[in-house]
Structures are given as structure tokens and as C-alpha cells.
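Trainee: Could we go through this structure together, one question at a time, with the reasoning behind each answer spelled out?

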Amino acid sequence: MAEEKKVYSRTKGIIDGAVSGFCPGCMHSTIHKLIGEAAEDLGKLDKLVRVEGVGCCGLGQFYVTCDETIAAHGRACAVATGIKRSSPDSLIYTYQGDGDLAAIGLAETMSAANRGENFTVIFVNNGIYGMTGGQMAPTTLLGMKATTAPQGRKAEEHGYPMHMCEILNQLTAPYYLERVSCDTPQNVIKTRNAIKKAFQYQLEGKGFSMVEIVTSCPTNWGLSTLDSLDFLRDKMFTEYPLGVYRDKGAEK
Ligand SMILES: Cc1ncc(C[n+]2csc(CCOP(=O)(O)OP(=O)(O)O)c2C)c(N)n1
Ligand code: SF4
Ligand SMILES: [Mg+2]
């Protein structure tokens, strides 16, 4: 049977006929929809460029209307720096998981934020390496099980969960840092607004923005979709409080 042809229209943020290939209950699919909608709202689909990290985010290339490249694991902020500096009119976002951004890519993330590079980081924190089967990430909670911490994360052996909004908030340059989620319709709207605000700041040349989205990974957490939402609210939001950490635009 002939493969159905996808329609790439630069007037719609989401590619026509896109069907989510993420696990049931995974928020990666919702986030992609919001990115496409935010760029569509701003009328910038023809300028949108995605720099993709390595992880479950890799599936995102099938959904959002944009140009794109895939960076080596952890290097998305370095690649985005090069693209933005050579093509300053483009609207660039990196799309990275917690393993990609906060483990192997920590130096690139910190350095780009410290330089105030003018692009947007979409950081999907699900507390685990999703794509590779549930290894411990820097954001894994204390006591949370992972294939590389079968007894649960222990501070004395593995260190403590890392809080990227708080860490980047110690730097002078970042313009906008917000932590959001997609567990309720209200929070989905907040995430959409946060992404749109970050894109708007980039278009105004304000510099580095990061929207951290705290999400579930039902598959590797070993929980049903509904139980994973309870875990997200009870445990993840306690360790990673939602809110605006830095918004230089609102200070004026
Ligand atoms: C240099 C290198 N090391 C390791 C890997 C294997 N690898 C692929 S994705 C990944 C982690 C992905 O986890 P995360 O960034 O949290 O994304 P998620 O799948 O949870 O969305 C790892 C370790 C790789 N692709 N390249
Ligand atoms: S493994 Fe986890 S992060 Fe990856 S698609 Fe499935 S639920 Fe989403
Ligand atoms: Mg992850």
C-alpha cells in the first residue's frame, strides 16, 4: 500500500495528519502541539527552526512545521548558537530532555545561558532517561527507582536532584526562565503562553530563555497514565515547583 503523504503547510504549526507516536499519557505530544501553535500565533512558521536533542524528543520531527537539525546528544545549545548567530532572523528552539540538557549537555546549556544566546530552550523534565529504558537522570528524585538505581536514587551514592531553572537563575544573562507542566487544561494553557512569551522575547532580541516542562514518563515510571499524574503532582511538583524564576520583561 502506498504510504500516505504528509502535507507540509507553512500556515499551520502542526503537520497535517500527524498522529502521535509517543506512549499513551506522554506529554511530549502535547508540548509539540503547543510549540506549533505558538509559532503559528506569532506568524513565524517560515522562520521556525528546531534543534533537537537525543531522546524521545527525536520523534518530534514528525509533528511541528519547521526546519530542523538533530544535534549530537547534549549539544543542542551549541548547535543552536551557531545557527542563530549565522541566521539571526530565524526563530530557534532547542528541544531537550533532562538527560540531554542536564547530564551530557550540562556544559553546553550553562555556557549558552551564560552568554545570553538569543534562542529558546524547551526543556522536558520527566526525571528519567525515557528513550533508552529508564536510566537515572540528574533530575531523578531521591528514592525514585531507575534501571541504574534499582534500589532508588540515594543522595550519598548518586547526589541530589538538579534544578535547572534555579541553577540558571544564578547567572546574569538569562532573560526568561519558567517552569510549567501539562497535567491540567489550565497548565497546558500556561505552557502555551510560556512558549509564546519565550518566542516573543527571542524575536525582540532579548536573549536566552528556557521553558522547563515537568512531565511524566508513564512507561519508565512503571505507572498507569492516571497514576503517573498523581506521582507528577505529589512528588515531581514538590521537588520542582512550577512558576516564573526569571522574567526580565516583567521587571520593567
Ligand atoms: C553520546 C551518546 N551517549 C548516549 C546515548 C544514548 N542515549 C540516547 S537518548 C539518551 C537519554 C535520553 O533521555 P532524556 O534526554 O531525558 O530524554 P527522554 O527520552 O526522557 O525524553 C541516551 C543516554 C547517545 N545517543 N549518545
Ligand atoms: S518512554 Fe516516556 S518519554 Fe518516551 S515516549 Fe514513552 S512515556 Fe514519553
Ligand atoms: Mg527524560
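Mentor: Let us begin with strand pairing, keeping in mind that this is a predicted model. S4 and S6 pair in the parallel sense, and six bridges join them.

Trainee: Which residue of S6 stands opposite Val 121?

Mentor: Val 121 is also the bridge partner of Thr 94, and S3 and S4 pair in the parallel sense over five bridges. In S6, the residue opposite Val 121 is Met 210.

Trainee: How many of the six residues of S4 are buried?

Mentor: In a regular strand the side chains alternate between the two faces of the sheet, so each face should be considered in turn. On one side of S4, Thr 120, Ile 122 and Val 124 are buried, and on the other side Val 121, Phe 123 and Asn 125 are buried as well. Both faces are therefore covered, because a residue counts as buried when its relative accessible area is under 20%. The number of buried residues in S4 is six.

Trainee: Which element gives the most residues to the largest nonpolar core?

Mentor: In soluble globular proteins, nonpolar side chains tend to be buried together. Here the largest nonpolar core has 46 residues, and those touching the most other members include Ile 31, Tyr 93, Ile 122 and Phe 199. Among the elements that give two or more residues to this core are helix H1 (28-41), strand S4 (120-125) and helix H7 (185-203). The element that gives the most, with six residues, is H7.

Trainee: At roughly what angle do the axes of helix H2 and helix H4 cross?

Mentor: The contact is made by Cys 77, Ala 78, Thr 81 and Arg 85 of H2 together with Glu 108, Thr 109, Ala 112 and Arg 115 of H4. By class, these are three nonpolar, two polar and three charged residues. The two axes come within 8 Å, and they cross at roughly 35°.

Trainee: How many residues apart in sequence are the parts tied together by Asp 98 and Asn 126?

Mentor: The protein donors of the magnesium ion (ligand 3) are Asp 98, Asn 126 and the O atom of Ile 128, lying 2.0 to 2.2 Å from the ion. Asp 98 lies in helix H3, whereas Asn 126 lies in the loop between S4 and helix H5, so the pair ties together parts whose separation in sequence is 28 residues.

Trainee: What is the relative accessible area of Asp 98?

Mentor: Asn 126 is buried, with a relative accessible area of 7%. Asp 98 is buried too, and its relative accessible area is 2%.

Technical notes
Residues numbered from 1 in each chain as written. Chains lettered and ligands numbered in written order. Predicted model: local features only at pLDDT ≥ 70, side-chain atom pairs only at ≥ 80, totals over all residues. Heavy atoms only, no water. Core = buried A, V, L, I, M, F, W, Y, C linked by side-chain atoms within 4.5 Å. Buried < 20%, exposed > 50% of the residue type's maximum accessible area, 1.4 Å probe, protein only. Helix = DSSP H or I, 4+ residues; strand = E, 2+ residues; numbered from the N terminus. Pairing = 2+ DSSP bridges. Axes fitted to C-alpha atoms, helices over the stretch in contact; angles between N-to-C directions. Contact = heavy atoms within 4.5 Å. Nonpolar A, V, L, I, M, F, W, Y, C, P; charged D, E, K, R; others polar. Donors = N, O, S within 2.8 Å, 3.2 Å for Na, K, Ca; no water.
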